[in-house]
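User: Please take a close look at one part of this model and walk me through it. I would like one connected answer, with the surroundings brought in where they help.

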Amino acid sequence: NSNRRIKKFVKPTLEEVEKYFFENGYKPEIGKKAWMGYDTANWFDSKGQQIKNWKQKMINVWFRDEHKITKSGMVY
C-alpha cells in the first residue's frame with residue numbers, strides 16, 4: 001500500500017532508555033549498556049537491521065529476569 005507511512009526512527013537519549021528500564025522494573029545501568037551498544041552501532045542491531053522501535057528491541061532483547069531490580073540489588 002503506497003499510502004502507508006513509514007515512521008522515521010528517532011534515536012532515544014540515554015536518559016530516556018535508563019528511565020524506560022527503571023519504570024519497567026529493570027536496572028537502569030543495563031539500559032545504559034544497551035543504549036551505548038546500539039548508539040555505537042548507529043542504531044543497527046546485531047543482524048545489521050536498522051532498529052525501528054527501540055522500546056520493542058529493549059523488551060525483546062534486554063528485559064530479562066537477571067536484569068530486574070531486586071530488593072538486594074538496589075544500591076545507590
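Analyst: Start with the side of α2 turned away from its buried face: Lys 33 and Thr 40 are the exposed residues there. This is a predicted model, so every value here is computed from predicted coordinates.

Now the other side of α2. Pro 28, Ile 30, Gly 31, Ala 34, Trp 35 and Tyr 38 are buried. Viewed down the axis of α2, these buried residues lie within an arc of 150 degrees, so they line one face of the helix. That face has two partners: the buried residues of α2 pack against α1 (14–23) and α3.

The length of α2 can be checked. It has 13 residues, and at 1.5 Å a residue it should span 18 Å. Its end C-alpha atoms are 18 Å apart, which agrees.

Next, the packing of α2 on α3. Two packed helices are described by the angle between their axes and the distance between the axes. Here α2 covers residues 28–40 and α3 covers residues 54–62. Their axes come within 12 Å and cross at roughly 115 degrees. The crossing of α2 past α3 is right-handed. On the α2 side, the contact uses Ile 30, Lys 33, Ala 34 and Tyr 38. On the α3 side, it uses Lys 57, Met 58, Val 61 and Trp 62. Sorted by class, this contact holds six nonpolar residues, two charged residues and no polar ones. Lys 33 appears twice in this account: it is exposed on the face of α2 turned away from the buried side, and it is also among the α2 residues that meet α3.

How does α3 look from its own side? Its buried residues are Trp 54, Lys 57, Met 58 and Trp 62. They cover an arc of only 100 degrees around the axis, which puts them on the same side of α3. Lys 57, Met 58 and Trp 62 are buried in α3 and also take part in the contact with α2. The cover over the buried residues of α3 includes α1 as well as α2.

The other partner of α2 is α1. Leu 14, Val 17, Tyr 20 and Phe 21 are buried in α1. Seen down the axis of α1, they fall within an arc of 130 degrees, so they line one face of the helix. Those buried residues pack against α2 and α3. The face of α1 turned away from its buried side carries Glu 15, Lys 19 and Glu 23, which are exposed. Just after α1, Gly 25 takes a positive phi of about 85 degrees.

Back to α2, and to what follows it. Most residues other than glycine have a negative phi. Just after α2, Asn 42 has a positive phi of about 60 degrees, although Asn 42 is not a glycine. Trp 43 is not a glycine either, and its phi is positive at about 65 degrees. Asn 42 sits in the loop between α2 and α3, and so does Trp 43. Which of the two is buried and which is exposed? Asn 42 is exposed, with a relative accessible area of 55%. Trp 43 is buried, with a relative accessible area of 1%. The cut-offs are under 20% for buried and over 50% for exposed.

Further along, Gln 50 is found in the loop between α2 and α3. Gln 50 is partly exposed, with a relative accessible area of 33%. Setting aside residues up to four places away in sequence, Gln 50 touches Phe 9, Asn 42, Trp 43 and Phe 44. Asn 42 and Trp 43, the residues with positive phi, are thus among the contacts of Gln 50. Phe 9 is 41 residues from Gln 50 along the chain, and the two C-alpha atoms are separated by 8.9 Å.

Last, the whole protein. It has three helices and zero strands, in the order α-α-α from the N terminus. Of its 76 residues, 29% are buried. Among contacts between residues at least 6 apart in sequence, 58% join residues at least 24 apart.

Note on methods: Residues are numbered from 1 along each chain as its sequence is written. This is a predicted model: local features need pLDDT of at least 70, side-chain atom pairs count only at pLDDT 80 or more; totals for chains, interfaces and linings use all residues. Side-chain values use heavy atoms; hydrogens and water are left out. Axes are lines fitted to C-alpha atoms, for helices over the stretch in contact, and angles run from 0 to 180 degrees between N-to-C directions. Helices (H or I, at least four residues) and strands (E, at least two) are DSSP runs, numbered from the N terminus. A crossing is left-handed if the near helix is turned anticlockwise from the far one by less than a right angle, and right-handed if clockwise. Contact means heavy atoms within 4.5 Å. Ala, Val, Leu, Ile, Met, Phe, Trp, Tyr, Cys and Pro count as nonpolar, Asp, Glu, Lys and Arg as charged, and the others, Gly among them, as polar. The expected span of a helix is 1.5 Å times one less than its number of residues. Buried means under 20% relative accessible area, exposed over 50%, partly exposed in between (1.4 Å probe, protein chains only). The arc is that of the directions from the helix axis to the C-beta atoms.
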